[in-house]
Amino acid sequence: MTADASEYQQLVDWLTMKVAGYLNVPPATIDIDTPLADCGIDSVSGMALCVDLQCEKGFAVETTIVWDYATIDAIAAYLTAERVVP
């Protein structure tokens, strides 16, 4: 596995755990290709995810990332490709 693939997978796993926690569901029930809004993520939990990305992962992201990149897969791919760090 390449460094980018490893970083991507780590982000997918982390995002899946976070989303599952916000929704109070088992991580295995989260599909990384389902839009987060369809899973039940609202603007409040979307903002919380942005804060967690900044505080826990060091990614400086726009507050609209959940809407601009609607799935866990899309967010992880974007962050891995762009390396959006402070």
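A residue counts as buried when its relative accessible area is under 20%, as exposed when that area is over 50%, and as partly exposed in between. With that in hand, here are some exercises on this predicted model.

**Exercise 1. Describe the overall fold, and work out why the protein can be called as compact as a globular protein of its length.**

Step 1. Begin with the elements: the protein has 5 helices and 0 strands. Read from the N terminus, their order is α-α-α-α-α.

Step 2. Now compare radii. The radius of gyration is 12 Å, close to the 12 Å that the globule rule gives for 86 residues, so the protein is as compact as a globular protein of that length.

Step 3. Add the dimensions: along the principal axes, the C-alpha atoms fill a box of roughly 30 × 25 × 20 Å.

Step 4. Turn to burial and contacts. Of the 86 residues, 34% are buried. Among contacts between residues at least 6 apart in sequence, 63% join residues at least 24 apart.

**Exercise 2. Check the length of helix 3 against its expected span, then find which side of the helix is buried.**

Step 1. Helix 3 covers residues 43-57, which is 15 residues. The expected span is 1.5 Å times one less than the number of residues, so helix 3 should span 21 Å. Its end C-alpha atoms are 20 Å apart, which agrees.

Step 2. List the buried residues of helix 3: S45, G46, L49, C50, D52 and L53. These residues cover an arc of only 165° around the axis, so they sit on the same side of helix 3.

Step 3. Look across the helix: V44 and C55 are exposed on the other side.

Step 4. Inspect what flanks the helix. At the N-terminal end, D42 acts as a cap, with a side-chain oxygen 3.2 Å from the backbone nitrogen of V44. Just after helix 3 comes G58, which takes a positive phi of about 80°.

**Exercise 3. Find the salt bridges of the structure and show how they are connected.**

Step 1. A search of the whole structure gives 2 salt bridges.

Step 2. One of them pairs K18 with D52, whose closest N and O atoms are 3.6 Å apart. This pair links distant parts of the chain, since K18 is in helix 1 (residues 3-23) and D52 in helix 3, 34 residues apart.

Step 3. K18 also forms a salt bridge with E56, and here the closest N and O atoms are 2.9 Å apart. With K18 in helix 1 and E56 in helix 3, the pair ties together parts that are 38 residues apart in sequence.

Step 4. Put the pairs together: salt bridges that share partners join K18, D52 and E56 into one network.

Step 5. Compare the surroundings of the two acids. D52 has a relative accessible area of 15%, so it is buried. E56, at 45% relative accessibility, counts as partly exposed. Leaving out residues up to four places away in sequence, D52 touches W14, K18, Y22 and K57.

**Exercise 4. Which residues does T80 touch, and on which side of its helix is it placed?**

Step 1. Locate the residue: T80 is in helix 5. The buried residues of helix 5 (residues 72-82) are I72, I75, A76, L79 and T80. Because these residues cover an arc of only 125° around the axis, they are on the same side of helix 5.

Step 2. Apply the cut-off: T80 has a relative accessible area of 8%, so it is buried.

Step 3. Check its side chain. A polar atom there lies 2.7 Å from the backbone oxygen of A76.

Step 4. List the contacts. Not counting residues up to four places away in sequence, T80 touches D4, E7, Y8 and L11.

Step 5. Follow one of these contacts, D4, which lies in helix 1. D4 and T80 are 76 residues apart along the chain, yet their C-alpha atoms are separated by 6.6 Å. D4 itself is partly exposed, with a relative accessible area of 39%.

**Exercise 5. Is N24 buried or exposed, and where is it found?**

Step 1. Place the residue: N24 is in the loop between helix 1 and helix 2 (36-39).

Step 2. Use the cut-off again: a relative accessible area of 71% makes N24 exposed.

Step 3. Finish with the backbone: N24 has a phi near 60°, a positive value in a residue other than glycine.

Methods: Residues numbered from 1 in each chain as written. Predicted model: local features only at pLDDT ≥ 70, side-chain atom pairs only at ≥ 80, totals over all residues. Heavy atoms only, no water. Helix = DSSP H or I, 4+ residues; strand = E, 2+ residues; numbered from the N terminus. Buried < 20%, exposed > 50% of the residue type's maximum accessible area, 1.4 Å probe, protein only. Arc of directions from axis to C-beta. Polar contact = N/O pair within 3.5 Å; in protein donor to acceptor, adjacent residues only side chain to side chain. Contact = heavy atoms within 4.5 Å. Salt bridge = Lys/Arg side-chain N within 4 Å of Asp/Glu carboxyl O. Rg over C-alpha atoms; globule rule 2.2 N^0.38 Å.
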